[in-house]
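Dear colleague,

I am passing on the structure we spoke about, with the sequence alongside. Please look through it before reading my notes below.

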Amino acid sequence: MSLRSILAGCGGYLPERVVTNDELSKTIDTSDEWIRERTGIRQRHFAGKHETAAFMGTAAARAALADAGATAADVDAIILATSTPDQAFPATALRVQAELGVTRGFGFDLSAACAGFIYALSVADGMIRAGQVRGALVIGSEVYSRILNWQDRGTCVLFGDGAGAVFLRASDCRDDDRRGVLSTHIHAQGTLGDILYVDGAVGQPDKPGHLVMNGREVFRHAVTRLAEAVEEALAANGMTHADVDWLVPHQANSRIINAMGRKLGLPPERVVVTVDRHANTSAASVPLALAEARADGRIGAGDLVLLEALGGGLTWGSALVRL
Ligand code: UT7
């Protein structure tokens, strides 16, 4: 027997305001055609003033707890991945903890850009396997609309706001019972930090910070690194492409998503796509896509789901989960 993290529930939150490509093209030198052709994005949600990372993370966490049939009393740990926290401190995770009425355990934020959810899942899974926690909320919550450079049409059309969450529950499983989080693999290459970054932070004088990206370079690395991460996950579990029921990829660009689906030999209907409606919500994109596919009944009990993401850092990783 060994301790395993069962993915007991998923939830998501999207801001009320929807902004189409046509709406953006009224103020930015771009077009619906360019954005759709290069990225697959049709629209994105932008947060209102009250829709901060903590607000959206709390809503997603509530939905995940409800989906799991769990309550605040079941939460030992909250790990929240974000690049757009409400405050430098306290951690956004602790604002969520307070809002949920969780009065014990611990929480912290994790910064790994678009790979943040995979990193947070990896940390939470390690803590559950070690017996440190029995119930963990893993959240990705982002308001990139606040760090976009509206003078840079190469980046400002690509991102959206939102939050996604999962609730992990510890379970004593037989070693041959292959349920829950089967493996996570995370990687980083700091020498590539300058191809995707935010050029400021609260610790920098007079620099709130805007997102900067060399899209072509990131694209090139994404295709290679994500393919490696997927193979690594399958090899670690003695599995092949044929075992995968669903791919839930980071939602940055439909061209990258389609390339990954083809590499795995998965038909398009087995790849969960939200980039068309959500755009790139960074650390929120994978849990949001997962929550959507669970809620509409596509992904069900027993399915083997492969998650992957890559982001600024460079950071990337994968997780293999049996629901
Ligand atoms: O979440 C983290 C991971 N991020 C990613 O994985 C993103 C990876 N990169 C990408 O998805 C793509 O590189 C982009 C979607 C960002 C860009 O697509 P691209 O095919 O690499 O385009 P490009 O940057 O090479 O630009 C091509 C042309 C340029 O014009 P010229 O120089 O060919 O005349 C740009 O100025 O498209 C122009 N362009 C635009 N035109 C209309 C750039 N942005 C826009 C725009 N509207 N919004």
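What follows concerns one helix and then the surroundings of the ligand.

Please keep in mind throughout that this is a predicted model.

I began with helix α3, residues 53–68, whose 16 residues should span 22 Å at 1.5 Å a residue, and the end C-alpha atoms are indeed 22 Å apart, which agrees. Its buried residues are Ala53, Ala54, Met56, Gly57, Thr58, Ala60, Ala61, Ala64, Leu65 and Ala68, and these pack against the strands β1 (2–13), β6 (135–143) and β7 (161–173) as well as against helix α4 (92–100). After α3 comes glycine 69, which has a positive phi, near 65 degrees.

Turning to the ligand, there are 23 residues around it, of which Thr30, Arg38, Arg216, Asn253 and Asn280 come nearest. By character, this shell divides into 11 nonpolar, 7 polar and 5 charged residues. At least two residues of the shell are supplied by each of α2 (32–39), α6 (153–156), α7 (215–236) and α8 (254–263), with the largest share, 4 residues, coming from α7.

Among the polar contacts, a polar side-chain atom of threonine 30 lies 2.7 Å from a ligand nitrogen atom, while arginine 153 places a backbone N or O atom 2.9 Å from a nitrogen atom of the ligand. For arginine 255, a polar side-chain atom lies 3.2 Å from an oxygen atom of the ligand. The ligand taken alone exposes 950 Å², and the protein buries 75% of that area.

With best regards

Conventions
Residues numbered from 1 in each chain as written. Predicted model: local features only at pLDDT ≥ 70, side-chain atom pairs only at ≥ 80, totals over all residues. Heavy atoms only, no water. Expected span 1.5 Å × (residues − 1). Buried < 20%, exposed > 50% of the residue type's maximum accessible area, 1.4 Å probe, protein only. Contact = heavy atoms within 4.5 Å. Near = heavy atom within 4 Å. Polar contact = N/O pair within 3.5 Å; in protein donor to acceptor, adjacent residues only side chain to side chain. Areas by Shrake-Rupley, 256 points an atom, 1.4 Å probe, with all protein chains shown as cover. Nonpolar A, V, L, I, M, F, W, Y, C, P; charged D, E, K, R; others polar.
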